[in-house]
Amino acid sequence: MDLSEFTLVPGPTEDRLGERQFVDYRTERADMVKWLLTFGIEPQKANGYAESTVKNRIYRMDQFCRFVWDQEGQYTTAVTHDHADAWMQELAYAECSDTHRDLCQKAVRMLFKWRAHERGGEAWEPEISFSSNDGTTTPRDYLTLKERKLIREAALEYGSIPSYNNVSPTERREIKAYLAQRFEKPMEDVTARDWERANSWKIPSLVSVSLDAGLRPIEVERAVISWVDLANGILRIPIEDSSKNEDNWRVSLSKRSVGMLERWLDQRVTYDLYDGRDELWLTREANPYGSASLRRILHQLCEIAGIEYENRQMSWYTIRHSTGTYMTREEDLAAAQTQLRHKSPETTMKYDQTPVEDRQDALDRIG
């Protein structure tokens, strides 16, 4: 199993370990990660955690280990329940969010689950229980129907420029200067192809497909052209690329998204950036999109659309939660479960709530 994408020994930890301690710690972490990916959720069924989940949790496990070393005054992998409870006590007094505390606690639970199955230890039940407000029983912030429309329209405006033939010579020079800066090339080298490139269908297709399919950031990162089935208007996500590694998925797309994808695929083959690459969408630096870059795009779209986001949890998951909420309202939980690629209906039940605008309409009718 290739673990090259996992940070088994973060820099701060490597700095404080001797050579033999480093090898020992890295070996332990590698064994744990392999087990979590293969068996972590249900060991008896060989059902493991998603890579994105493990990547996030092992960083917090490393923080816990460093806390233990500070407590003991030496390196050790023999962490105990007392150590875990002591860290929870420290987190309780620390100036950090409930979400951070909750995620740290989940990470330590995961660590002891592995130790219980592979190292003869016991599962840990914390003395203090933390809970964030974004768990499976409470939906996170989501886009309203109006905001979904505004975001979709903002994607059409994102980075666009007027047609070459519809501007004056003065405006044309100004736009060429802008394109030269945007594409990092001399102004005299800007061509008609650069004008077309500036108005590409990459971002509109990415946003529209995400609005339809509720794509997780990791699924945007993994998306390849073979997923796209334009004839049937669906994404075919194979089991090896599914975020939860549970099943093959056939995800419905709107006619609008199919049209945008068709235009983008026609443009995509003309870009040198994609030569020899299968990824459906890449950044200007030829990297797959990640959570941070997608968040920046969404914030820029909100600014174009005039949507306030400073006091909201406006991440790419906001799009996903919106899709789940309104798919549940328009169809049912079963449809939302399939569209969002949830293995368990209980996971989808968090979207079974009445959207705020419906409740407002109800209040108006009640009087």
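**Notes on a predicted model**

1. A place to start is the loop between helix 11 (255-268) and helix 12 (291-305), since Ala286 lies there. Ala286 is not a glycine, yet its phi is positive, at about 70 degrees. Keep in mind while you look around that this is a predicted model.

2. Ala46 has a similar entry in my notes. The phi of this residue is near 55 degrees, a positive value, and again the residue is something other than glycine. You'll find Ala46 in the loop that runs between helix 2 and helix 3. How buried or exposed is Ala46? With a relative accessibility of 44%, Ala46 counts as partly exposed.

3. Now for the sheet. Three strands make it up, in the order 1-2-3, and the sheet is open, with antiparallel pairing. Strand 1 (228-229) and strand 3 (249-252) are the edge strands, each of them pairing on one side only. As for side chains in general, those of a regular strand alternate between the two faces of the sheet.

4. Take the pairing of strand 1 and strand 2 in a bit more detail. Strand 2 covers residues 234-237, and two bridges join it to strand 1, the two running antiparallel. Asp229 has Ile234 as its bridge partner, while Val228 is partnered by Leu235. The hairpin made by these strands has four residues between them, and Gly233 in that hairpin takes a positive phi near 65 degrees.

5. On to strand 3. Four bridges link strand 2 and strand 3, which pair in the antiparallel sense. If you want a spot to click on, try Ile237, which stands opposite Trp249 in strand 3.

6. Helix 6 is worth a slow look. This helix spans residues 145-157, 13 residues in all, and it reaches 19 Å from its first C-alpha to its last, close to the 18 Å expected at 1.5 Å a residue. Which residues of helix 6 are buried? They are Glu147, Arg148, Ile151, Arg152, Ala154 and Ala155. These residues sit on the same side of helix 6, because they cover an arc of only 160 degrees around the axis. The general background is that an α-helix has 3.6 residues a turn, so residues three or four places apart point the same way.

7. Staying with helix 6, turn the view around: on the other side, Lys146 and Lys149 are exposed. Follow the chain just past the end of helix 6 and you come to Gly159, whose phi is positive, at about 70 degrees.

8. What about empty space inside? The count comes to one cavity of 30 Å³ or more. The largest cavity has a volume of about 120 Å³. Its lining includes Tyr25, Glu28, Arg29, Met32, Met61 and Cys65, along with Thr77, Val79, Leu111, Trp114 and Arg115. Helix 2 (19-39), helix 3 (51-72) and helix 5 (98-118) are the elements that give two or more residues to this lining. Which element gives the largest share of the lining of the largest cavity? That is helix 2, with four residues.

9. A word on cysteines. How many disulfides does the structure hold? The number is zero. For reference, a disulfide is a covalent bond between the sulfur atoms of two cysteines. Cys65, which we met in the cavity lining, counts as buried because its relative accessibility is 11%, under the 20% cut-off. Cys302 is buried too, with a relative accessible area of 0%.

10. Helix 2 comes up once more through Thr27, which is found in this helix. Thr27 counts as partly exposed, at 41% relative accessibility. Its C-alpha lies 8.8 Å from that of Leu8, and the two residues are 19 apart in sequence.

11. Last, have a look at Arg173, which has its place in helix 7 (residues 169-182). The relative accessible area of Arg173 is 49%, so this residue is partly exposed, a label that stops at 50%. Along the chain, Arg173 and Met187 are 14 residues apart, and 8.9 Å separates their C-alpha atoms.

Terms used. Residues numbered from 1 in each chain as written. Predicted model: local features only at pLDDT ≥ 70, side-chain atom pairs only at ≥ 80, totals over all residues. Heavy atoms only, no water. Pairing = 2+ DSSP bridges. Expected span 1.5 Å × (residues − 1). Buried < 20%, exposed > 50% of the residue type's maximum accessible area, 1.4 Å probe, protein only. Arc of directions from axis to C-beta. Disulfide = S-S within 2.5 Å. 1 Å grid on protein atoms, 1.4 Å probe; cavity = no way out; pocket = protein on both sides within 12 Å on 5 of 7 lines; lining within 4 Å. Points joined across faces, edges and corners; volume = space filled by probe spheres on them.
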